[in-house]
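Biologist: Hi! Could you walk me through this model?
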Amino acid sequence: MPTAPVTLRTALTQSSLDARRGVVRLHYQLLASLGARAWDVLELTGDRSTGAIAAFSAPGAPVDVIYVDDLTLTNCGVQPGGSVGVRLVSPQPATSIQLSAPDGFESQPQDASLRFALLGKVVSAGDRVGLLPQDFTGSALPPATAANVLGQLAAAFGGDWQQDLLMVASIDPPGTLVRVTMATTLMCTPGSSASTASASSASSPSPGPAGGVAETVPAPVSPDSLPGLEKQISALREWLDLGFNHRPLLARMGAVPTMGVLITGPPGSGKRAVVEAAAAGVGASVLRLWGPALGRIEPAEAVKALTDAVRRAEAAAPCVLLIEQVHEIAPRDDANPLTSVVLEYVKKMVTAGLAGIVCSTDRPEATTPDLRLPGLLDHEISITLPNRADRRRILEVHTRPLPLAADIDLDEIARRTPGFVAADLKALCHEAALRAAQRLSATPVAAPGPAGAPDPASEASTVLRADFDAALEVVRPSAMDGRVELGGITLEDVGDMVETKRMLTESVIWPLTYPETFERLGVPAPHGALLYGPPGCGKTFLVKALVAEAAANFISVRGAELLSKWVGESERGVRELFRRARSAAPSIIFFDEIDALAPTRGSDQNGTTDRVVAQLLTELDGIEELRDVYVLAATNRPELVDAALLRPGRLDTMIYVPPPDADARAAILRAAVRRMPVEPGVDLETVARGCEGFSAADLQSLCREAAMTAMRENIASPSVTAAHFAAALRVVRPSLQPAQVAALEAFAHRRAVVQ
């Protein structure tokens with residue numbers, strides 16, 4: 001039963017996990033007073049009413065505050081800091097929901113895909129809802145079903161579908177809150193904004209035989225607005241110009257125009273923009289075909305759509321036919337009835353030379369190699385992730401319309417955004433602008449000052465550094481599926497290890513931060529390092545701190561993850577790992593427990609690890625140079641690692657991480673209690689001297705046990721005392737084994753003698 005509403009003050013949620021998901025967080029006492037429990041449905045009423053899912057707020061949060069994401073605030077018509085009425089409700093199951101799609105609507109998605117994407121959400125007419133992969137990829141859906149939903153949504157709404165919002169045009173039953181269930185029928189149609197834009201466009205989308213699969217696109221894109229893509233645009237423009245405008249010259253030279261091109265690059269990197277800019281440079285139009293949409297309709301209709309698109313492109317010459325995500329209709333492994341048709345039409349268009357044919361994909365390894373045969377897509381253009389300088393230039397383009405505050409340093413933002421493609425940086429600037437607008441709309445308007453005085457309101461009406469900081473918590477790099485959260489650890493959090501940190505800084509951070517210095521001095525940058533030492537002495541902790549300092553993309557791999565019982569799969573996993581790292585450069589690959597992945601060859605009867613070692617050697621020091629990719633590995637058993645991996649040019653820097661001595665233990669304790677209220681009388685040096693044989697992990701455990709002892713005595717204890725540390729020392733015991741430590745020290749000594 002609905003309860004009486006309670007008025008609460010709103011605050012914008014700071015959790016990126018809650019962004020645009022319709023989840024609100026309240027104090028547990030407040031939920032109890034509403035008669036609600038976690039994951040019940042609440043109705044929020046401001047200028048209008050909307051629904052949300054209840055969850056507990058963080059410990060220490062105010063009782064009278066409800067934490068709401070920006071989309072839910074918009075749905076209830078309230079700014080951050082405003083008030084909303086909150087009450088417990090029981091929403092009705094929705095019979096049907098009509099949705100309105102934004103610009104870029106490609107085709108009608110399947111009802112089941114929309115249902116899975118919105119399952120469990122509570123909406124009212126007029127709400128906006130987001131489509132987020134984490135709402136269904138992490139649910140109980142089978143992986144194959146979740147992957148199909150992802151493909152359907154991408155096919156329907158285009159490559160930027162995760163950024164789009166759908167409008168709830170109508171619901172049944174009307175006039176109430178409803179919940180999406182498995183029995184709900186969902187329909188999606190183009191919104192009014194999309195139809196208005198199409199009507200006013202000089203080259204509007206054509207309905208086409210496949211219900212909107214083909215689209216003629218004007219090409220007004222300027223290369224100046226695409227920093228970092230100048231070379232790709234220039235190369236494609238030259239090929240198109242020769243084919244369209246210099247055919248007699250080619251004939252006299254005994255050559256034929258080759259206007260078949262494959263463009264590869266991560267999602268959002270600008271593949272479509274390159275084609276549009278190059279086509280504009282030669283006065284050609286662009287006709288788009290969305291591969292996922294073709295792959296999900298009946299084969300006969302797909303062939304008809306492809307045939308019609310080829311005819312339209314040749315009739316509109318000079319024209320470029322762009323097939324996006326071509327791996328969906330010409331896959332490498334799975335047999336597809338469209339593949340032979342695609343190959344036939346590509347060859348026909350290249351031979352006729354009336355129109356150019358460009359295919360793009362973000363998964364070149366999943367695309368049939370037949371497309372690269374002579375006479376088909378003879379040229380290939382690769383778009384990699386933008387480096388730091390290119391990210392700086394892209395940020396300049398996207399921040400031109402923004403009133404930036406003086407404290408914003410675009411160089412610093414570029415440093416903090418490794419792995420971001422152009423679309424991610426655009427989304428980052430947009431999110432920062434939204435944060436600024438929300439902040440300013442909640443700020444009271446100041447009274448006008450004396451004549452001639454600067455207007456403080458106008459000075460404050462800028463996008464601040466804090467807005468970008470908040471945006472960086474929400475916008476994540478879309479190309480780095482291997483990215484992990486490092487928790488803000490820096491080298492300052494690593495106690496002692498001065499010499500170890502120095503070696504890592506020189507071996508890893510310097511090559512990634514100052515590559516021009518290595519090039520100027522003619523010194524080849526190192527490619528990798530092996531950290532070895534007893535368990536719990538901080539090898540993995542050092543790597544986390546190092547990656548945060550280097551501001552590089554980070555791919556973490558546990559040794560056994562790449563091993564497969566199927567012949568060739570382990571080697572392919574290694575190749576794919578390094579391909580991802582190269583495309584995401586600068587990047588760091590971290591192999592934890594590498595002795596399980598690359599033991600001495602001949603020790604595996606099946607030969608699996610032998611082949612993996614051979615592939616690793618090829619990737620580290622093969623024909624293809626490893627640029628801006630650094631390999632870190634860690635092990636407790638360095639004598640088991642294949643010796644070929646440890647020679648110069650591969651994992652050429654071996655760093656021993658020893659057990660901490662008394663001074664190092666004191667430094668580790670000081671770092672561990674940095675955020676802990678320790679009583680001034682506690683002598684950490686004395687505690688450290690009593691911890692002989694303790695590893696860094698043991699010392700962390702000791703500090704945690706001391707804090708827990710204080711809590712057991714008094715849950716409101718203001719500090720941790722020396723008595724608490726003494727009690728913890730009676731519980732926590734050292735984990736280092738003297739025999740293992742002696743063996744590792746002997747190995748390190750032998751390495752030092754050899755060097």
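Below, we chat about cavities, a sheet and aromatic rings.

Modeller: Happy to! This is a predicted model, so to speak only of what it supports, local features need pLDDT of at least 70 and side-chain atom pairs count only at pLDDT 80 or more, while totals for chains, interfaces and linings use all residues. Residues are numbered from 1 along each chain as its sequence is written, and side-chain values use heavy atoms, with hydrogens and water left out.

Biologist: Cool. How many cavities of 30 Å³ or more are there?

Modeller: Three. A cavity here is a set of points on a 1 Å grid over the protein atoms alone where a 1.4 Å probe fits but cannot get out. Points are joined across faces, edges and corners, and a volume is the space filled by probe spheres set on the points.

Biologist: And how much space lies in the largest cavity?

Modeller: About 70 Å³. Its lining, meaning residues with an atom within 4 Å of a point, consists of D407, D409, E412, I413, R416, R465, F468 and D469.

Biologist: Which elements give two or more residues to that lining?

Modeller: α13 (410-415) and α16 (465-472), with α16 giving the largest share, three residues. Helices are DSSP runs of H or I with at least four residues, strands are E runs of at least two, and both are numbered from the N terminus.

Biologist: What's the lining like by class?

Modeller: Six charged, two nonpolar and no polar residues. Asp, Glu, Lys and Arg count as charged; Ala, Val, Leu, Ile, Met, Phe, Trp, Tyr, Cys and Pro as nonpolar; the others, Gly among them, as polar.

Biologist: Switching topic: what order do the strands of the open sheet take?

Modeller: The order is β7-β12-β9, with mixed pairing. β7 (92-93) and β9 (122-123) are at the edges with a single partner strand each, so one side of each has no neighbour in the sheet. Strands pair if DSSP finds at least two bridges between them. β9 and β12 (residues 178-179) are antiparallel over two bridges, and V122 stands opposite R179 in β12.

Biologist: How many aromatic pairs turn up?

Modeller: Two in the whole structure. Rings of Phe, Tyr and Trp (its six-membered ring) pair if their centres lie within 6.5 Å; planes under 30 degrees apart are stacked, over 60 edge-to-face, the rest tilted.

Biologist: Why is the pair of Y532 and F747 edge-to-face?

Modeller: Their planes are at 85°, with centres 5.4 Å apart, so the pair is edge-to-face. Y532 is in β20 (residues 528-532) and F747 in α26 (residues 738-754), 215 residues apart. Ring pairs also bring Y656 into a cluster with Y532 and F747.

Biologist: Is F747 buried or exposed?

Modeller: Buried, at 12% relative accessibility; Y532 is buried too, at 3%. Buried means under 20% relative accessible area, exposed over 50% and partly exposed in between, using a 1.4 Å probe and protein chains only.

Methods: On a 1 Å grid over the protein atoms alone, a cavity is a set of points where a 1.4 Å probe fits but cannot get out, and a pocket is an open set with protein on both sides within 12 Å along at least five of seven lines; lining residues have an atom within 4 Å of a point.
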